[in-house]
Amino acid sequence: MASEAEIPTNNWPKRMRSRQAAQYLREVHGIPSAEKTLRNKRCARLGPRCKYFGSVPLYERDDLDDWAENVALTDHPANRRQRQQQAA
């Protein structure tokens with residue numbers, strides 16, 4: 001996972017829809033994620049915090065970063081896969 005100094009977040013919008021948020025998590029934080037995964041996590045209240053603009057969920061970049069840091073600190077399946085790949 002990249003450190004704070006290595007994350008080029010200024011190229012990303014402040015608020016993102018689900019598809020772009022999933023891409024952000026993959027590219028910036030290395031967390032495997034898809035639009036459908038974020039939707040499922042949103043419904044289960046396990047994913048990053050989002051705000052609604054009408055019926056459209058929007059993720060703020062700071063909330064995605066905070067959630068990614070918390071996922072990195074837990075024994076999340078994505079972290080286990082990443083540790084296994086690094087060990088190989």
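**Sheet**

I looked up the pairing of β1 first. β1 and strand β3 (residues 56-60) run antiparallel to each other and share 2 bridges. The model I am reading is a predicted one. For M16, I found its bridge partner in β3 to be Y59.

I then traced the whole sheet. It is open, has 3 strands in the order β1-β3-β2, and its pairing is antiparallel. β1 (15-16) and β2 are the edge strands with a single partner each, so one side of each lacks a neighbour in the sheet.

**Helix α1**

I checked the length of α1 against expectation. With 12 residues at 1.5 Å a residue, α1 should span 16 Å, and I read 16 Å between its end C-alpha atoms, which agrees.

Next I listed the buried positions of α1. They are S18, A21, A22, Y24, L25, V28 and H29. These residues cover an arc of only 155 degrees around the axis, which puts them on the same side of α1. On the face turned away from that buried side I noted the exposed residues R19 and E27.

I also looked at the backbone just past the helix. G30, just after α1, has a positive phi of about 70 degrees.

**Salt bridges**

I searched the whole structure for salt bridges and got 4. I took several of the pairs in turn.

R19 came up again here. R19 forms a salt bridge with E35, with 3.3 Å between the closest N and O atoms. R19 belongs to helix α1 (residues 18-29) and E35 to helix α2 (residues 35-44), so this pair ties together parts 16 residues apart in sequence. I looked up the accessibility of both partners: R19 is exposed at 62%, while E35 is partly exposed at 33%.

The pair of R49 and D63 is another salt bridge, its closest N and O atoms lying 2.9 Å apart. R49 sits in the loop between α2 and β2 (51-53) and D63 in helix α3 (residues 61-73), so parts 14 residues apart in sequence are tied together. I recorded R49 as exposed, with a relative accessible area of 56%. Its partner D63 is buried, at 9% relative accessibility.

I then turned to E60 and K51, whose side chains meet in a salt bridge of 3.1 Å, N to O. E60 counts as buried at 13% relative accessibility, and K51 as partly exposed at 43%. I followed this pair further and found that R15, K51 and E60 are linked in a network of salt bridges.

**Cysteines**

I ran a search for disulfides over the whole structure, and the count is 0. Why does C43 have no bond to another cysteine sulfur? The closest cysteine sulfur to that of C43 is in C50, 9.2 Å away, which is too far for a bond. I repeated the check starting from C50, and its closest cysteine sulfur is in C43, at 9.2 Å, again too far for a bond. For the cut-off, I note that a disulfide needs the two sulfur atoms within 2.5 Å.

I finished with the exposure of these two residues. C43 is exposed, with a relative accessible area of 64%, whereas C50 is buried, with 18%.

Methods. Residues numbered from 1 in each chain as written. Predicted model: local features only at pLDDT ≥ 70, side-chain atom pairs only at ≥ 80, totals over all residues. Heavy atoms only, no water. Helix = DSSP H or I, 4+ residues; strand = E, 2+ residues; numbered from the N terminus. Buried < 20%, exposed > 50% of the residue type's maximum accessible area, 1.4 Å probe, protein only. Pairing = 2+ DSSP bridges. Expected span 1.5 Å × (residues − 1). Arc of directions from axis to C-beta.
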